[in-house]
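Hi,

Here is the structure I promised to send over. Have a look at it first, and then read on for my notes on the ligand and its surroundings.

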Amino acid sequence: MTALALATSNTVAGPRLTVDLASVAANTRLFARRTPGEVMAVVKADGFGHGAADVARTALANGASRLGVTSIDEALALRADGLAAPVLSWLNVVDADWATAVARDIEVAVPSRDHLDAIVRATTGARVHLHLDTGMARDGASPTEWADLCRAARLAERQGRLQVVGVMGHLGCADDPADPCNATGRTRFAWGLQAARAVGLRPQHRHLAATTATLTDPRSHHTMSRIGAGLVGIDPSRTTALRAALTLTAPLVSVRTVRAGTGVGYGHTWTAPVATRLGLLPVGYADGLPRVASGRAEVLVRGRRRPLVGRISMDMAVVDLGDEPVTSGETVTILGPGADGEPTVREWAGWSDTLEHEIVTGLGARLHRTAVAGTTAPTLRSL
Ligand SMILES: *Cc1c(COP(=O)(O)O)cnc(C)c1O
């Protein structure tokens with residue numbers, strides 16, 4: 001959090017997205033206790049919509065030792081924000097700017113022989129993590145290519161071209177610990193490590209688990225866990241009390257009284273059954289409130305749940321205030337940790353037929369975001 005962020009936040013009159021970094025700190029400490037290895041703080045997608053630099057700094061001060069992102073661009077942004085900790089970037093095209101990555105001390109994942117060859121051509125001294133596909137058929141080298149990739153990487157290492165510092169995999173079904181796909185992934189990862197050792201590689205960092213596997217399956221731990229969602233209070237395994245960090249509030253732009261039978265919003269998908277008061281919120285789907293939540297979502301007004309009515313539109317949403325004597329300018333809580341009865345990110349995900357990750361990453365785009373170091377008394381999210 002910078003002084004500038006604090007100064008500007010006080011002048012913001014519109015919607016406010018507040019990030020409680022004390023929650024990120026507490027979550028990081030929990031993960032550091034739960035794994036014997038290192039914690040890599042995954043701050044891709046702008047720290048899951050919470051602000052990459054703020055989340056990174058907080059995590060590093062509370063038990064994380066490394067950072068992880070997808071693209072080299074995301075890693076460079078962290079460097080530009082003054083973060084000097086080790087950082088790994090794992091998703092780049094073959095002709096990515098490897099030279100700049102190495103110059104800025106950014107470690108990169110190698111998911112294919114083409115990537116390896118391009119890195120060797122472009123740089124000397126890259127620190128790489130070989131990425132094995134452990135069962136998602138998405139990113140990482142397939143088992144049939146793995147031995148060749150390891151051999152070529154070892155050769156490059158012996159020639160002093162690069163250093164293999166890690167091997168990584170990723171579990172596709174960790175959210176359901178009972179799924180046999182987890183055992184397959186663990187076995188494949190162990191096989192991949194053995195194959196790497198067999199050609200003389202000695203990767204110091206061996207990492208397979210993300211949030212869910214770290215919480216539910218110690219067999220996946222190895223030397224490091226890559227934690228993203230968990231840092232910001234999302235636990236897909238529903239096993240652990242983490243602290244949600246985001247609160248979104250907005251002032252009512254206006255309040256009007258309408259008669260029974262009044263159609264509201266695009267397509268008049270909702271018609272007032274009785275005379276009522278409607279409040280206008282200056283937040284819509286361009287700010288990350290999913291349109292699909294129209295007709296389901298609620299907000300907190302003066303301590304009570306009130307429904308959003310009609311369609312959520314690009315820039316605004318309408319709340320049915322009933323006969324509550326609310327006036328324009330009053331603040332409405334759209335989501336938060338839930339301690340005061342406000343909807344949670346999990347509820348918004350349910351209303352939107354999606355997962356919490358998509359809600360939090362969607363909120364960061366246009367909203368003004370303010371980081372604070374602890375707003376209220378610590379609140380555990382309800383399980
Ligand atoms: C996003 C991501 C993570 C973090 O996963 P969470 O479940 O959010 O902790 C870890 N590893 C890879 C490869 C990822 O893409």
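Let me start with the lining of the largest pocket: sorted by class, it has 16 nonpolar, nine polar and six charged residues. Bear in mind that this is a predicted model, so please read everything below as computed from it.

The largest pocket has a volume of about 700 Å³. There are 31 residues lining it, and K44, R138, H170, L171 and A210 are the closest to its centre. As for which elements build the lining, α3, β8 (205-209) and α10 (211-216) each put in at least two residues. The top contributor is α10, which gives three.

What takes up the space of the largest pocket? That would be the ligand.

Around the ligand you'll find K44, F48, W90, H170, A210, T211, R226, I227, G228 and A229. Some of those names will look familiar, since K44, H170 and A210 also came up among the residues closest to the pocket centre. By class, this shell is made of five nonpolar, three polar and two charged residues. Two elements, α3 (44-48) and β9 (224-227), each supply at least two of the shell residues. So α3 turns up twice: in the shell around the ligand and in the lining of the pocket.

Now for the polar contacts, which you may want to pull up on screen:

- R226 uses its side chain: an N or O atom there is 2.8 Å from a nitrogen atom of the ligand.
- G228 uses its backbone, with a polar atom 2.8 Å from an oxygen atom of the ligand.
- A229 also comes in through a backbone N or O atom, which lies 2.8 Å from a ligand oxygen.

How much of the ligand's accessible area does the protein cover? On its own the ligand has 380 Å² of accessible area, and the protein covers 88% of that.

That's what I have for the ligand and its pocket. Shout if anything is unclear.

Cheers

Terms used. Residues numbered from 1 in each chain as written. Predicted model: local features only at pLDDT ≥ 70, side-chain atom pairs only at ≥ 80, totals over all residues. Heavy atoms only, no water. Near = heavy atom within 4 Å. Polar contact = N/O pair within 3.5 Å; in protein donor to acceptor, adjacent residues only side chain to side chain. Areas by Shrake-Rupley, 256 points an atom, 1.4 Å probe, with all protein chains shown as cover. 1 Å grid on protein atoms, 1.4 Å probe; cavity = no way out; pocket = protein on both sides within 12 Å on 5 of 7 lines; lining within 4 Å. Sits in = over half its atoms within 2 Å of the grid points. Helix = DSSP H or I, 4+ residues; strand = E, 2+ residues; numbered from the N terminus. Nonpolar A, V, L, I, M, F, W, Y, C, P; charged D, E, K, R; others polar. Points joined across faces, edges and corners; volume = space filled by probe spheres on them.
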